[in-house]
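Thank you all for coming; I would like to take a few minutes to go through one chain with you. Please have a look at the sequence and the model before I begin.

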Amino acid sequence: IESATKQLDRSHPEAIAPTLAAALKDIDSLIQNVGSWNGDAIQRESALHELRVKRAQLNEALALALNVQMRAQLAADRDDALVDHPVRLSSDITAAQDIELQVRITATPAKALRLISYDVDTTFHSHAHANIFSPSGDKQPGMPFPHEGDYEHGARINVPASAKPTMPYFYRKSIEQPFYDLSDAELRNAPTTPPIITATFHLSYDGADFDVTAPALGVHTYADGSTSVQPVQIVPPISIASAPIATVLPLGTPTLNITTTLRTASSTNAKVSLETPPSWTLDPPPAPTTVNGNQSSIEFTAHPPASYSGEQLFHISAKTPDNHEYTEGYRGIGYAGLPATNAYTPAVTRIVPVHLKLPAKRRIGYLPGTGDAIPEALASIGLTPQILTIADLTSDKLKQFDTVILGVRTYAAHPDLHGAPTQALLDYAKAGGNVVVQYQTAEFTGDDAPYPLTLGRDAEKVVDENDPVQLLTPGAARSRSSAAGRTAAKKTAPNSSYYLLTTPNRLTSADFDGWVEERGHGFLRSWDARYTALTETHDPGASAEGVQPEEPQKGGLVTTQLGSGRWTYLAFAVYRQLPEAVPGAYRLFVNLLQK
């Protein structure tokens, strides 16, 4: 190994292949000898562990030195070129399906390289069930590679009906569970669930045996429509989803629309059923509905009874002719270039009743930030916002809205939001508009606000979603920015900002019950006396563990009258609460949609 390291010429790595092969043969001999040693078992196993790690490294190094490359992918037919044409078939396959795999291995140069054997392994049965064939029929195990040449082979694989869908090996029952359960404890600390189909070529070079393995690949489609080549995954033949997943329903609302989306294999039929809570009715009535084809959507209109309370659940299911019932759907998650997976979600719509009055003025503009679903949540209660871009932040375009909302981390997502676009927002507020700025990160500064303020960092957050929240009275809502600021605040008469806590919904501390994950972060550290803080909350600490109570955090909801309009900063994590149908978060957010 030391000799190979010294001799390495990066322009000609194949020159050290004989040295690496010699090291590989030596280490195989060492592993055999140490494995038969009858001495101390702990010493033996420790030595074997180190040798096996080094053996894997040498296997990889020899393959790299010989430029051995391998690719396995799903194919529509055997005649398709393997490397020169893009993958056409989806990485999602179903149980009881016959698939064909094309495998190509190349080496440059390939002199003295021989193929010992090749096989295909799956997690649902042994490689003996894979029918391996050679398209050309003349390249068999033991034959040398042609110079600058390649081997190409294929395998027909039957995925049994009993094969389970491919899922992450870690999961949690709800977002409130602070740890993951494992479906397979042996995979603990593995980065992903292992590929379900792998192809391996067993090779020999200069008397040293080594392997090259590749997962079977197909095209994975992400939720945003982008694609990338990813390992094959097994999916159920039926994917059923319900929308909305969770929503509030203002009491007195006569109807709620529920959309069921069904994706099936092209040859699969399914009957869809919807189970309603007691006393609810559906239009059309909840009778099984047969759907065919790749994707179908069914819309139901739910009618609530005159009175009801508590969470209401609608369960959607699909049954195939062979009496298999499916109650969840999947979607591709992640980003192109990263290991992909499918996320599974039960086909359930959860409805939470809420006493909610909506604002009279409902023309809302929304500039998205990163990763929040507030526009969809507002649309579910009849407040559909218009999605904005930076180019829309001009005086002419802004004046058509009653309220303009900035999504979470907008200044991080849109560096060009600083300057003229922000000034247009401030001018819009001065002219009578209403601006609501949600949680921001360090990119947001006092220059982006109407009056001086500083954004908190690690200390200004409240992590326990159960911590009490106090609604501040006028005397309790003074600035804590500086001595001068506090003096100025004492001279400032109470303004009209407190109506945000009472109109159109009278808020109480109970509106902060049932929150999930956290209270919020990105609370303000300090602010000018012309702002009014409307809430106070803090983590209480843990005396038994020596953790002191947190300093009171009043920078979670800070607002100011600006000209004839209003500007508000909201650090509370409503972007987590609204998609989870937390009633109080809706009542709070709706109150902010007024100047």
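I will speak about confidence first, then about a sheet, and finally about salt bridges.

What you see is a predicted model, and the mean pLDDT of its chain is 87, with 89% of the residues reaching 70 or more. There are, however, stretches that call for caution, and one of them covers residues 77-87, where the pLDDT is below 50 although the model gives this stretch 23 contacts beyond near neighbours in sequence. Residues 477-494 are another such stretch, again with pLDDT under 50, and here the model has 27 contacts beyond four places in sequence. Where pLDDT is low, the predicted coordinates should not be read in detail, and I would ask you to keep that in mind when you look at those contacts.

Let me turn to the sheet. It is an open one, built from seven strands in the order 26-25-27-28-37-36-34, and its pairing is mixed. Which strands stand at the edges? They are strand 26, residues 386-387, and strand 34, residues 532-533; each has a single partner strand, so one side of each is left without a neighbour in the sheet.

Starting from the edge at strand 26, we find that this strand runs parallel to strand 25, the two being joined by two bridges, and that Gln 386 of strand 26 stands opposite Gly 365. Between these two strands the chain passes through helix 4, residues 374-380, in a β-α-β crossover that is right-handed. Strand 25 also pairs with strand 27, likewise in the parallel sense and over four bridges, and in this pairing Tyr 366 faces Ile 405 of strand 27.

Is strand 25, residues 364-367, covered on one face or on both? Both faces are covered, since Ile 364 and Tyr 366 on one side are buried, as are Gly 365 and Leu 367 on the other. That division fits the general pattern, in which the side chains of a regular strand alternate between the two faces of the sheet.

Moving one strand further along, strand 27, residues 403-406, and strand 28, residues 434-438, run parallel and are joined by four bridges, with Leu 406 standing opposite Val 437 of strand 28.

My last topic is the salt bridges, of which the count comes to 16. I will take the pair of Asp 511 and Arg 587 to begin with, whose side chains meet with 2.7 Å from N to O. This pair links distant parts of the chain, 76 residues apart, with Asp 511 in the loop between helix 8 (483-490) and strand 32 (520-521), and Arg 587 in helix 10, residues 583-591. Both partners fall under the 20% cut-off for buried residues, because Asp 511 has a relative accessible area of 10% and Arg 587 one of 13%.

In the salt bridge of Asp 181 with Lys 173, the closest N and O atoms are 2.8 Å apart; here Asp 181 counts as buried, at 18% relative accessibility, whereas Lys 173 is exposed, at 64%. Asp 528 and Arg 530 also form a salt bridge, with 2.8 Å between the closest N and O atoms, and in that pair Asp 528 is buried at 19%, while Arg 530 is partly exposed at 45%. Finally, Glu 311, Arg 350 and Glu 580 are joined into one network by salt bridges that share partners.

Conventions. Residues numbered from 1 in each chain as written. Predicted model: local features only at pLDDT ≥ 70, side-chain atom pairs only at ≥ 80, totals over all residues. Heavy atoms only, no water. pLDDT = per-residue confidence, 0-100. Contact = heavy atoms within 4.5 Å. Salt bridge = Lys/Arg side-chain N within 4 Å of Asp/Glu carboxyl O. Buried < 20%, exposed > 50% of the residue type's maximum accessible area, 1.4 Å probe, protein only. Pairing = 2+ DSSP bridges. Right-handed = clockwise from strand over helix to strand, strands pointing away.
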